Amino acid sequence: MATLLYTIIGMTASASLNCAVRREISPCTCSPGLFANNIDVKCEQMESFGQVVNALQDRFTEDHNIWLTISHSQLLDLAALSFWEMNMNIKSLRINFDNLSAIDVGAHDVHQTIAPIRSIDNGGDLGITLRKDH
């Protein structure tokens, strides 16, 4: 019984440490990932990509691996802004139900690769261009 209690306390402490910025990233949400230093971040019903950037910019340290999902949002300004303005280590990016037809990630001054990028129901196949600039 004590082991179970310590496990629950440890999981709660881990959740609060990894998602200490919960209020600061609103309306996005976060939860601890399956492994240490992994954080699942979800942004839903965002009015713009700029709102995503403003909510997440400089909120996580580089040692956190971010699994980012953006869904049911209006990302019409995606080409004008950069994922890298958020200053976080995005390990996985999911863009779901956002009515996008293409993403030119190369236009975002990529300093590292984001893998994998997944899209679901974005009005057909989502054309993704990856380019690493030096």
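Over which residues does pLDDT stay under 50 while the model has two contacts beyond four places in sequence? That would be residues 4-17. Keep in mind that what you're looking at is a predicted model. Across the chain, pLDDT averages 74, and 61% of the residues score at least 70. Residues 124-134 also stay under 50, but for them the model has 26 contacts beyond four places in sequence.

Now let's turn to helix α2, which covers residues 49-56. Is this helix enclosed or open? Six of its eight residues are buried, so α2 is largely enclosed by the rest of the structure. The buried ones are Phe49, Gly50, Val52, Val53, Ala55 and Leu56, and they pack against β2 (38-44) and β3.

Take a look at the two ends of the helix as well. At the N-terminal end, Ser48 acts as a cap: one of its side-chain oxygens sits 3.4 Å from the backbone nitrogen of Gly50. After the helix comes Asp58, which has a positive phi, near 60 degrees.

Next, the rings. The structure holds one aromatic pair, made by Phe49 and Phe83 in an edge-to-face arrangement. Their centres are 4.9 Å apart, with 65 degrees between the planes; since edge-to-face starts at over 60 degrees, that angle is why the pair gets this label. The pair ties together distant parts of the chain, as the two residues are 34 residues apart. Here are the partners side by side:

| Residue | Where it sits | Relative accessible area |
|---|---|---|
| Phe49 | helix α2 (residues 49-56) | 0%, buried |
| Phe83 | loop between β3 (65-71) and β4 (89-96) | 1%, buried |

Both names turn up again in the largest nonpolar core, which has 28 residues. Those with the most contacts inside this core are Val41, Phe49, Leu56, Phe60, Leu68, Phe83 and Met86. At least two core residues come from each of β2, α2, β3 and β4, and α2 gives the largest share, with five. As a general rule, nonpolar side chains tend to be buried together in soluble globular proteins.

What does Val41 touch, leaving out residues up to four places away in sequence? Its neighbours include Leu56 and Phe60, along with Ile66, Trp67, Leu68 and Thr69. Val41 also touches Cys28, Thr29 and Cys30. Try finding Val41 in the structure, then look for Leu56, Phe60 and Leu68, which are also listed among the core residues with the most contacts.

Terms used
Residues are numbered from 1 along each chain as its sequence is written. This is a predicted model: local features need pLDDT of at least 70, side-chain atom pairs count only at pLDDT 80 or more; totals for chains, interfaces and linings use all residues. Side-chain values use heavy atoms; hydrogens and water are left out. pLDDT is the predictor's confidence in each residue, from 0 to 100. Contact means heavy atoms within 4.5 Å. Rings of Phe, Tyr and Trp (its six-membered ring) pair if their centres lie within 6.5 Å; planes under 30 degrees apart count as stacked, over 60 as edge-to-face and the rest as tilted. Helices (H or I, at least four residues) and strands (E, at least two) are DSSP runs, numbered from the N terminus. Buried means under 20% relative accessible area, exposed over 50%, partly exposed in between (1.4 Å probe, protein chains only). A polar contact is a pair of N or O atoms within 3.5 Å; within protein, one must be able to donate a hydrogen and the other to accept it, and residues adjacent in sequence count only if both atoms are side-chain atoms. A nonpolar core is a set of buried Ala, Val, Leu, Ile, Met, Phe, Trp, Tyr and Cys residues joined through side-chain atoms within 4.5 Å.
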